[in-house]
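Here is a short set of exercises to work through with the coordinates open beside you. Try each task before reading its solution.

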2 protein chains.
Amino acid sequence: MSAPMKPEQLEAAIRQVGAERYHDKHPFHGLLHGGKLDKGQVQAWALNRYCYQSAVPRKDAALLSRTHERGLRREWIHRLLDHDGLGGEEGGIERWLILTDALGLERDYVVSMQGALPATRFAVEAYVNFVRERPLLEAVASSLTELFAPTLHRERIGGMLEGYDFIGEGAVQYFRRRLEQANRDADFALDYVKRQAKTLQEQEAVLAAVRFKCDVLWAQLDALHHAYVVPALVPPGAFRPQRS
Amino acid sequence: MSAPMKPEQLEAAIRQVGAERYHDKHPFHGLLHGGKLDKGQVQAWALNRYCYQSAVPRKDAALLSRTHERGLRREWIHRLLDHDGLGGEEGGIERWLILTDALGLERDYVVSMQGALPATRFAVEAYVNFVRERPLLEAVASSLTELFAPTLHRERIGGMLEGYDFIGEGAVQYFRRRLEQANRDADFALDYVKRQAKTLQEQEAVLAAVRFKCDVLWAQLDALHHAYVVPALVPPGAFRPQRS
């Protein structure tokens, strides 16, 4: 049996997965952040991505439901509170809907997910099921793409504010808030997997979970790219931009 | 097909289930609240009941994980926060451990659940699995035994403070806090099932869920009664009181 990696080697290997597979490299993001899309394409992105946003609390609750460790639950529940909000704090899903409002999409239509691409919904539910079913260590590890998110979010805020006259400060609040939240969450999860993944087999399962999650994110952009950018084959029933 | 009950008839039928089957009628509770148990028997109750307490956040997270309704999640998450606490607030499980501390039980032993009766653990996990697997309406309905809890808790606080010199105010904080929390939670869940259970079949499923939950609670006391009261047949490996 091969020797396990040291924790810092595992961290480096996780970061390497991000360097190779995180969806910041997807051409759709280049177009989105470079102001190269039309409003209909940005709408398509926002309403498809809503499926992912709205699934996140379900996958985090699935993780909570699976652990007997109270300390882990007390830490992880911040993610639910960040997304669903609590009391007067409306939370990240609401901030996402402020973005789709700003893009001129009907809220009921967005929330219904009826215009979302099937491939988006399948990718998102694959993520929820992964967290429900895989070992807890892998479920935690699948969140680690958040390590790579802040750079993407900063690029997105700047690029979208500059590139689109229909995007204002209110519409990018979701990303501004995630800049803080994602760092805290990712640090906790990284520390957790570095402590818990002791055997090489566990460490490889952690890396596979991060790759899986990169695939979930990448597949969503593939679906958008193929339906709305080139060759623009929108499946029956999915959102069709009004070309102005 | 028979006509559905009116919402107030459904509520009355739910309350009737409690009147017939809630565990306040179990003889073990009569002994516990009447100061008739010795310290070892009260310890056995507290450490077995810990299994239930510590499972509650997992079953509530399972419910959160299953619903796409953000409003329901934003309401239901209070239950997780009540039990696990958040930040400086330690939560109900911690308050339960203050009770087991006061009873002179080692925390590690309580938390390990090694001394708990198998029947306790099986009943508790049956509840978690019910909430994971049954329709959401039934999962919500299974919480409705909280409608009947405040009377039991008030009786318990008075009875235990009076009946046992080893129980002080600190040890009953869990129950004092639940007096407020259970009312708020139960009102929400009752309102939810009255609105959502529209067909007679759904209403009967709601009543079955409340009966199921009463069984879960009753079975835990049966196990205690048979092991520690009469005929005192403690299974191998389970907690054995030191008879003083």
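A salt bridge here is a side-chain nitrogen of Lys or Arg within 4 Å of a carboxyl oxygen of Asp or Glu. Keep in mind that this is a predicted model.

**Exercise 1. The contact between the chains**

Task: Describe how chain B and chain A meet, from the buried area down to a single salt bridge.

Solution:
- Start with the residues: chain B gives 29 residues to the contact and chain A gives 29 residues.
- Next comes the area. About 2300 Å² is buried between chain B and chain A, with 51% of it on carbon and sulfur atoms.
- On the side of chain B, the residues that lose the most area to chain A are Ser65(B), Arg70(B) and Arg74(B), together 29% of what that side buries.
- Now turn to the charged pairs: the count between chain B and chain A is 4 salt bridges. In general, side chains of opposite charge can pair when their charged atoms come close.
- For a salt bridge to inspect, take Arg70(B) and Glu94(A), whose side chains meet at 3.1 Å, N to O. That distance satisfies the rule, because the cut-off is 4 Å.
- Polar contacts across the interface of chain B and chain A add up to 16 residue pairs, both residues being at pLDDT 80 or more.
- Finally, place these in the fold: helices H3 (39-66), H4 (70-84), H5 (92-102) and H7 (118-133) of chain B each give two or more residues to the side that touches chain A.

**Exercise 2. One helix and its faces**

Task: Check the length of helix H1 (residues 7-21) of chain B, then work out how its buried residues are arranged.

Solution:
- Helix H1 of chain B has 15 residues, and at 1.5 Å a residue it should span 21 Å. The expected span uses one less than the number of residues. The end C-alpha atoms are 21 Å apart, which agrees.
- List the buried residues of H1(B): Leu10(B), Glu11(B), Ile14(B), Val17(B) and Gly18(B).
- Look down the axis of H1(B): the buried residues fall within an arc of 110 degrees, so they line one face of the helix.
- Turn to the face away from that buried side, and you find the exposed residues Glu8(B) and Glu20(B).
- Then ask what covers the buried residues of H1(B): the cover includes H10 and helix H11 (200-229) of chain B.

**Exercise 3. Salt bridges within a chain**

Task: Sort out which parts of the chain are linked by the Arg177(B) and Glu89(B) pair, and how far apart Asp191(B) and Arg195(B) are in their helix.

Solution:
- For context, the whole structure holds 38 salt bridges over all chains.
- In the pair of Arg177(B) and Glu89(B), the closest N and O atoms are 3.9 Å apart. Arg177(B) lies in helix H10 of chain B and Glu89(B) in the loop between H4 and H5, so the pair ties together parts 88 residues apart in sequence.
- Check the exposure of both ends: Arg177(B) has a relative accessible area of 30%, and Glu89(B) has 31%. Arg177(B) is therefore partly exposed, and Glu89(B) is partly exposed as well.
- Now take Asp191(B), which lies in helix H10 (residues 173-196) of chain B. The side chain of Asp191(B) meets that of Arg195(B) in a salt bridge of 3.2 Å, N to O.
- Asp191(B) and Arg195(B) are 4 residues apart in helix H10, which means about one helical turn separates them.
- Asp191(B) is partly exposed at 41% relative accessibility, and Arg195(B) is partly exposed at 43%.
- Elsewhere, salt bridges that share partners join Arg70(A), Glu94(B), Asp101(B) and Arg107(B) into one network.

**Exercise 4. A backbone angle to check**

Task: Say what sign the phi of Met113(B) has, and whether the residue is buried or exposed.

Solution:
- Begin with the background: most residues other than glycine have a negative phi.
- Met113(B), although not a glycine, has a positive phi of about 60 degrees.
- Locate Met113(B) in the loop between helix H6 (107-112) and H7 of chain B.
- Met113(B) counts as buried because its relative accessible area is 18%, and buried means under 20%.
- Repeat the check in chain A: Met113(A) also has a positive phi of about 60 degrees, and Met113(A) is buried at 18%.

Key. Residues are numbered from 1 along each chain as its sequence is written. Chains are lettered from A and ligands numbered from 1 in the order in which they are written. This is a predicted model: local features need pLDDT of at least 70, side-chain atom pairs count only at pLDDT 80 or more; totals for chains, interfaces and linings use all residues. Side-chain values use heavy atoms; hydrogens and water are left out. Buried means under 20% relative accessible area, exposed over 50%, partly exposed in between (1.4 Å probe, protein chains only). The arc is that of the directions from the helix axis to the C-beta atoms. Contact means heavy atoms within 4.5 Å. Buried area is the accessible area (1.4 Å probe) that two parts lose on being put together, summed over both. A polar contact is a pair of N or O atoms within 3.5 Å; within protein, one must be able to donate a hydrogen and the other to accept it, and residues adjacent in sequence count only if both atoms are side-chain atoms.
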